[in-house]
Amino acid sequence: MLKAIIFDMDGVIVDTEFEDFRIQQAFIMKENPTLNQENTNFEELIGQSYDMLYKTLRTFIGSNDSLKEIKARFEEYNEVAYRAIDYQQLFRKEILSILNWSKENDIRLAVASSSTYEHIIEVLATCGIQDSFDVIYSGEFVKESKPNPEIYLNTLKKLNVASNQAVAIEDSFYGISAAKAAGIPTIAYKETRAAIDQSAADYIAEDMTAVFEIVQSINCLLYTSEAADDG
């Protein structure tokens, strides 16, 4: 039987990953207006940890400024842009069916996100689901966030669950890479607005309803396998 479901947040629970991507693109073009947008692979920005992001931003901008300076300018820009974002509007409410079903079946729930802990709590609280999760784990808590698998390995430890007893729900290449490196079967929430490589995921779901169906299918397969072993 499935014992845990681990959700990424941005791009899965809330449809903010693409908003982040657009903001990052706009910041780069503001800082480097001569950059040729058509010949630039902005997609590599998606799903990066903060440390990776600042390094990538500096490369796109073509600046010799320190990462600290790049970080300060981007955070100021990002804060202004995010004031207009309504998390409840971007909340994928179909997830509530998964959360309720999980509680009914004693399946533990976690969020493992590269975002800051403060931001994770803000989003989950705004959407009214903070108390649904047994573990909330931030990329701030590890030396290297996604694609390093440590964020998932530590989340599994806190859940007290083996990797083959859990499933991860991700959307970005880096997130999928982290979950798979931790040995966790992974469902990719399909993203069509940007060219994200999701091919390493075990399953690709069109929406949260499809995610739920796959989760239930995985649960049935594990239950059948366990029953066969007992027999």
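# A walk from I214 through the sheet

Select I214 to begin: its relative accessible area is 16%, so I214 is buried. One thing to keep in mind as you click around is that this is a predicted model.

**Stop 1: around I214**

Colour helix 9, residues 208-230, and you will find I214 inside that helix. Now show what surrounds the side chain. Leaving aside residues up to four places away in sequence, I214 touches I187, Y203, I204 and A205. For a distance check, pick D202: 12 residues separate I214 and D202 in sequence, and their C-alpha atoms are 10 Å apart.

Two of those contacts lead straight into the sheet. Y203 and I204 fall in strand 6 (203-205), one of the edge strands, and I187 will come up again at Stop 3.

**Stop 2: the whole sheet**

Select the strands together. There are 6 of them, forming an open sheet with parallel pairing, and the order to trace is 3-2-1-4-5-6. Which strands sit at the edges? Strand 3 (135-138) and strand 6 (203-205) do, each pairing on one side only. Turn the view to see the twist: on average, neighbouring strands are turned by 20° against each other, direction ignored.

**Stop 3: strand 4**

Next, select residues 166-170. How many residues of strand 4 are buried? The count is 5 of the 5, so strand 4 is largely enclosed by the rest of the structure. In a regular strand, side chains alternate between the two faces of the sheet. Check the two sides here: A166, A168 and E170 are on one, V167 and I169 on the other, and all are buried, so to speak of cover, both faces have it.

Keep I169 highlighted and look to either side. Towards strand 1, the residue opposite I169 is F7; strand 1 and strand 4 run parallel and are joined by 4 bridges. Towards strand 5 (residues 186-189), the bridge partner of I169 is I187, and 3 bridges hold that parallel pair, strand 4 and strand 5. I187 is also one of the residues that I214 touches.

**Stop 4: strands 1 and 2, with helices on top**

Move on to strand 1 (residues 4-7) and strand 2 (residues 108-113), a parallel pair joined by 4 bridges. Pick I6 and look across: A110 of strand 2 stands opposite.

Now add helix 6, residues 117-126. Helix 6 packs on the sheet, where it touches strand 2 and strand 3, and its direction makes about 135° with that of strand 3. Then add helix 5 (residues 95-104), which lies across strand 1 and strand 2 and runs at about 150° to strand 1.

**Stop 5: helices 2 and 3**

Select residues 50-61 and 67-82. These are helix 2 and helix 3, whose axes come within 9 Å and cross at roughly 90°. The two helices are therefore roughly perpendicular to each other. To see the contact, show L53, Y54, K55, L57, R58 and I61 from helix 2, and L67, I70, K71, F74 and E75 from helix 3. What classes of residue make up this contact? There are 7 nonpolar and 4 charged residues, and no polar ones.

**Last stop: the cysteines**

Finish with C127 and C220. C127 counts as buried, at 11% relative accessibility, while C220 is partly exposed, with a relative accessible area of 48%. Don't go hunting for a sulfur bridge: a search of the whole structure finds 0 disulfides.

Technical notes:
Residues are numbered from 1 along each chain as its sequence is written. This is a predicted model: local features need pLDDT of at least 70, side-chain atom pairs count only at pLDDT 80 or more; totals for chains, interfaces and linings use all residues. Side-chain values use heavy atoms; hydrogens and water are left out. Axes are lines fitted to C-alpha atoms, for helices over the stretch in contact, and angles run from 0 to 180 degrees between N-to-C directions. Angles under 35 degrees count as roughly parallel, over 145 as roughly antiparallel, 65 to 115 as roughly perpendicular and the rest as oblique. Contact means heavy atoms within 4.5 Å. Ala, Val, Leu, Ile, Met, Phe, Trp, Tyr, Cys and Pro count as nonpolar, Asp, Glu, Lys and Arg as charged, and the others, Gly among them, as polar. Two strands pair if DSSP finds at least two bridges between them. A disulfide is a pair of cysteine sulfur atoms within 2.5 Å. Buried means under 20% relative accessible area, exposed over 50%, partly exposed in between (1.4 Å probe, protein chains only).
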